[in-house]
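Got your viewer open? Let's take a walk through this model, one selection at a time.

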Amino acid sequence: MGMWWPRRARIPSVGVLLGVWLPVMCFVVLAWNRRWMSDDGYINLRIVHNVLHGHGPVFNVGERAEAATSPAWIAVLSLARIPLWFMDPAWVAVLVGIALASLGIALAILGARRWWSSLGRQASIPLGVLVLIALPAMWDFASSGFETGLCFAWLGGCWWVTVRRLDGEPPALHRPLWASVLIGLGPLVRPDFAIFTLVFAISYTVASQRTRRGAVLGLAAGLALPVGYQIFRMGYFGMLVPNTALAKEAGRALWGRGRLYVDAYLDITLLLVPLVVIAAVVLIFAWRSRPSLRHTIVALAPVLGGLLHALYVMRVGGDFIFARLLLPATFTVLLPGAAVPMPPRRFLQGALLAAAGAWVIFSSAQPPYEPRTQVEAFYFGDLRAAFVERTGNPDPVTLDDFAVVGGSFWSREAVPGQMVAVLSGRAVPADRPIIVSGVVGMVSVRLWGTHVADDFALAEPIGSHMAAGPPGRAGHEKRMEWFWLEARFGTGEDPAADVAAARRALACGKLAELVEAVDDPMTPGRFVNNLFGAVDRTSLRIPVNPFEAERRFC
């Protein structure tokens, strides 16, 4: 028998090192230099803690509210915490976020190179990725505790698995099944990513050999996880959508505020300039390469998805954080031009490289956006800059780094038998220690075992159903007023009239059923009841005025 020798490992070429891995490593350095955690990121850490301790994907033990927008991000963080149990959970979120964002950028370049190579061209200039990695907002949200890094990894992965099918004969639609599973994960990465799942599913189907058996198997594989989780969501939480979508009233059309959000993003970044240049470069080379219909649809799908997602962001009124919700659209619109061929003439090569270099210098040198900016009646800003300004720490990650945020609440312990508002100091008797906070993520991780009520309603299953007021700061237009909190958690000793009215409303009709859906112990009967009542329950809205609520429900 001859001795078996392993194959010699392939050494990456200079072109691959410079065109793929050098930009990725530059992004890693830039993201690390802007590492931080957001308060919303700490909400995710609280949920991960409860998952790993057997309490379920909830924010407060014994209260079923889906306070995380991304079930997939909760799953990733939970899995990462197991081998990294010795690390501060905030650092786990930061490192995993940067790693996934970097993976997404690598897959974007590799996918673009693969698309061009299937046309017989070598794409050696990472032009679109240079535009991306020069955006300071990309550095900020690679970490932050948000699911943004996972978003980039998933989008890059869908792009990469799709363009791989353009080489040679189209493979069967269901081979491999894991690719269909990957594309189907969009709604679990973020509910609004169903838009991207749809466009990638179409382009993936076009790039594949289509048979009835392949279509059935591919569709089943793609829908298994999102449909399975949706059934779980309806039965466990009793809702069709995450609690955050209810709190932000995501079904409401706020085109005016959304337009201001998009306009501010484009004005500050001047992103339309490089987008036009890259579109021109891609179109010129594509026209000369005579792409097939399959190639064209595969390239246009992420662009269409990005434009549709940006339109959705505009419709819901944007976000209170500058740029964050528009980064996925920016990422996908640039995917076909993430890497482009080198122009044939020297002066064109020099002009393209000079333009790319000028953009990188200009964009990366931009100062942070204002922490709080008023545009007409709406507020949004650079959340990271706000925390840096308030803490005096250039890289706030751990709770110690945020110790000055919110004043004295860091030293306040949960008081048995009291409900305490940490920012105002207001207190009333309660049947267990309860903290009411607007900085709910950090407070909740500081006090793991304490019930923390979110007066902004992102993690509050009753407050999220309050009727929305006029448009204001995105995602923070609903408040769980104090009389509702006292009615829900107070002991009922000598209540004021508004508290008494709110308590009576909570015990009546559909509002009482909503309380039971989120507070009752989870049993098979409760799961079935929640499942079949999820549609009506999701549409339920509560008047903020407790006397009006009492009249409606009682």
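Start with the whole chain in cartoon view: you'll find 24 helices and eight strands. The radius of gyration is 25 Å, close to the 24 Å that the globule rule gives for 554 residues, so the chain is as compact as a globular protein of that length. Keep in mind that you're looking at a predicted model. Along its principal axes, the C-alpha trace spans about 85 × 60 × 55 Å.

Now switch on the surface. The accessible surface comes to about 23,700 Å², and 65% of that belongs to carbon and sulfur atoms. Buried residues make up 55% of the 554 residues in the chain.

**Stop 1: the core**

Hide the surface again and select F27, M37, Y42, I105, W115 and M138. These are the residues with the most contacts inside the largest nonpolar core, which has 123 residues. Next, colour helix α4, residues 89-117: the largest share of this core, 15 residues, comes from there. In soluble globular proteins, nonpolar side chains tend to be buried together.

Zoom in on M37 and show what surrounds it. Leaving out residues up to four places away in sequence, M37 touches Y42, L45, A90, A93, V94, S144, G145, F387, P396, V397 and F402. Then pick A505, C508, V515 and V518, which belong to a second, separate core of 31 residues.

**Stop 2: along helix α4**

Go back to helix α4 and click on A112. Is A112 buried or exposed? With a relative accessible area of 0%, A112 is buried. Setting aside neighbours within four places in sequence, A112 is in contact with W159, L335, P336, A338 and A339. For a sense of scale, draw a distance line from A112 to L485: they are 53 Å apart, C-alpha to C-alpha, and 373 residues apart in sequence.

**Stop 3: some backbone oddities**

Most residues other than glycine have a negative phi, and most peptide bonds are trans. Here are some exceptions to select.

- S144 sits in the loop between α6 (136-142) and α7. Its phi is near 80°, a positive value in a residue other than glycine. S144 is buried, with a relative accessible area of 0%, and you've met it already as one of the residues that M37 touches.
- E249 lies in the loop between α12 (243-247) and α13 (255-269). Its phi is positive too, near 50°. Why does E249 count as buried? Because its relative accessibility is 14%, and the cut-off for buried is under 20%.
- P176 is in the loop between α7 (148-163) and α8 (177-184). The peptide bond from R175 to P176 is cis, with omega near -5°.

**Stop 4: a patch on the surface**

Bring the surface back and select L219, L223, V227 and I231. Together they form a nonpolar patch with about 350 Å² of accessible area. I231 is found in helix α11, residues 212-236, and at 43% relative accessibility I231 counts as partly exposed.

**Last stop: helix α23**

Finish with T538 in helix α23, residues 524-538. T538 is buried, with a relative accessible area of 11%. Which residues is T538 in contact with, leaving aside neighbours within four places in sequence? Show M239, L240, V241, L246 and H465, and you have them. Partners from distant parts of the sequence turn up across the chain: among contacts between residues at least 6 apart in sequence, 74% join residues at least 24 apart.

Notes. Residues numbered from 1 in each chain as written. Predicted model: local features only at pLDDT ≥ 70, side-chain atom pairs only at ≥ 80, totals over all residues. Heavy atoms only, no water. Core = buried A, V, L, I, M, F, W, Y, C linked by side-chain atoms within 4.5 Å. Buried < 20%, exposed > 50% of the residue type's maximum accessible area, 1.4 Å probe, protein only. Helix = DSSP H or I, 4+ residues; strand = E, 2+ residues; numbered from the N terminus. Contact = heavy atoms within 4.5 Å. Patch = residues over 30% accessible without salt bridge, like charges linked within 9 Å, V, L, I, M, F, W, Y side chains within 5 Å. Areas by Shrake-Rupley, 256 points an atom, 1.4 Å probe, with all protein chains shown as cover. Salt bridge = Lys/Arg side-chain N within 4 Å of Asp/Glu carboxyl O. Rg over C-alpha atoms; globule rule 2.2 N^0.38 Å.
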